[in-house]
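Got a minute to walk through a fold? Here is the structure, and then we'll go through it piece by piece.

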Amino acid sequence: STGGFYQGMRDLLENEGFKEYEESMSPTYFDHYFRHLYRIFKFIADSPLISDEKDKYEYACMVRGQLSRYELIWLYYNGLSSNGSEKFKPLIERFALLKNLRKDMLAQNVELPLSYAPGAFRHFPWQS
């Protein structure tokens, strides 16, 4: 189950650290999922069919609304990993994909290589 994978990921992060998490098999189980999700948000961002930034945000919200609490946790760590930091992290921040993230579910006392801009957690990230 997703919850079981989440608990294993959390244990690995808390006991071994982020580097060991990245080098483990856990992230590779979801590679195809994150590539697919990335392509959806990339399409929303780049589509000439959607010109207004607020409209792009609304489409992104429709996809974000389908993500479970566990998927949001996986997305959080994927965006900070070497797999997602360059391309997916900017989209996570642009479309506030972590707005509904339950921070109490994050692994505790883990040193992360990067952090997110506040827009990743805001309702309207284009507003300061």
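**Starting from a lysine**

K89 is buried, since its relative accessible area is 12% and the cut-off for buried is under 20%. Keep in mind that this is a predicted model. K89 sits in helix 7. Which residues does K89 touch once its neighbours within four places in sequence are set aside? The list is G79, L80, G84, L114, S115 and Y116.

K89 also has a charged partner in the chain. Its side chain makes a polar contact with the side chain of E93, at 2.8 Å. E93 is found in helix 7, as K89 is. Is E93 buried or exposed? With a relative accessibility of 16%, E93 counts as buried, because that value falls under the 20% limit. So both partners of this polar contact are buried, K89 at 12% and E93 at 16%.

Now zoom out to the whole chain. The protein has seven helices and zero strands, so if you read from the N terminus on, the elements run α-α-α-α-α-α-α, as helices and strands are taken from DSSP runs. Of the 128 residues, 43% are buried. Look at the contacts with a separation of 6 or more, and 71% of them join residues 24 or more positions apart.

What holds the inside together, in terms of contacts? In soluble globular proteins, nonpolar side chains tend to be buried together. Here the largest nonpolar core has 37 residues, and those with the most contacts inside it are F41, L75, Y77, F88 and F95. The elements that give two or more residues to this core are helix 1 (2–15), helix 2 (18–23), helix 4 (31–46), helix 5 (53–64), helix 6 (69–80) and helix 7 (88–94). Helix 6 provides the largest share, seven residues.

Y77 is a good place to look at that core up close. Not counting residues up to four places away in sequence, Y77 touches M9, L13, F18, Y21, L106, A107 and L112. If you want to trace the packing by eye, try showing those side chains around Y77.

Next, the surface. The largest pocket has a volume of about 200 Å³. Which residues line it? They are D31, F34, R35, Y38, N78, S82, N83, G84, S85, E86, K87 and F88. Helix 4 gives the largest share of this lining, four residues. By class, the lining has three nonpolar, five polar and four charged residues. Two names here have come up before: F88 lines the pocket and is among the residues with the most contacts inside the core, while G84 lines the pocket and is in contact with K89.

Last, a couple of backbone oddities. Most residues other than glycine have a negative phi, and most peptide bonds are trans. A96 is not a glycine, yet it has a positive phi of about 50°. N109, also not a glycine, has a positive phi of about 55°. Where are they placed? A96 is in the segment after helix 7, and N109 is in the segment after helix 7 too. Their surroundings are opposite, though: A96 is buried, with a relative accessible area of 0%, whereas N109 is exposed, with a relative accessible area of 82%.

Methods:
Residues are numbered from 1 along each chain as its sequence is written. This is a predicted model: local features need pLDDT of at least 70, side-chain atom pairs count only at pLDDT 80 or more; totals for chains, interfaces and linings use all residues. Side-chain values use heavy atoms; hydrogens and water are left out. A nonpolar core is a set of buried Ala, Val, Leu, Ile, Met, Phe, Trp, Tyr and Cys residues joined through side-chain atoms within 4.5 Å. Buried means under 20% relative accessible area, exposed over 50%, partly exposed in between (1.4 Å probe, protein chains only). Contact means heavy atoms within 4.5 Å. On a 1 Å grid over the protein atoms alone, a cavity is a set of points where a 1.4 Å probe fits but cannot get out, and a pocket is an open set with protein on both sides within 12 Å along at least five of seven lines; lining residues have an atom within 4 Å of a point. Grid points are joined across faces, edges and corners, and a volume is the space filled by probe spheres set on the points. Ala, Val, Leu, Ile, Met, Phe, Trp, Tyr, Cys and Pro count as nonpolar, Asp, Glu, Lys and Arg as charged, and the others, Gly among them, as polar. A polar contact is a pair of N or O atoms within 3.5 Å; within protein, one must be able to donate a hydrogen and the other to accept it, and residues adjacent in sequence count only if both atoms are side-chain atoms.
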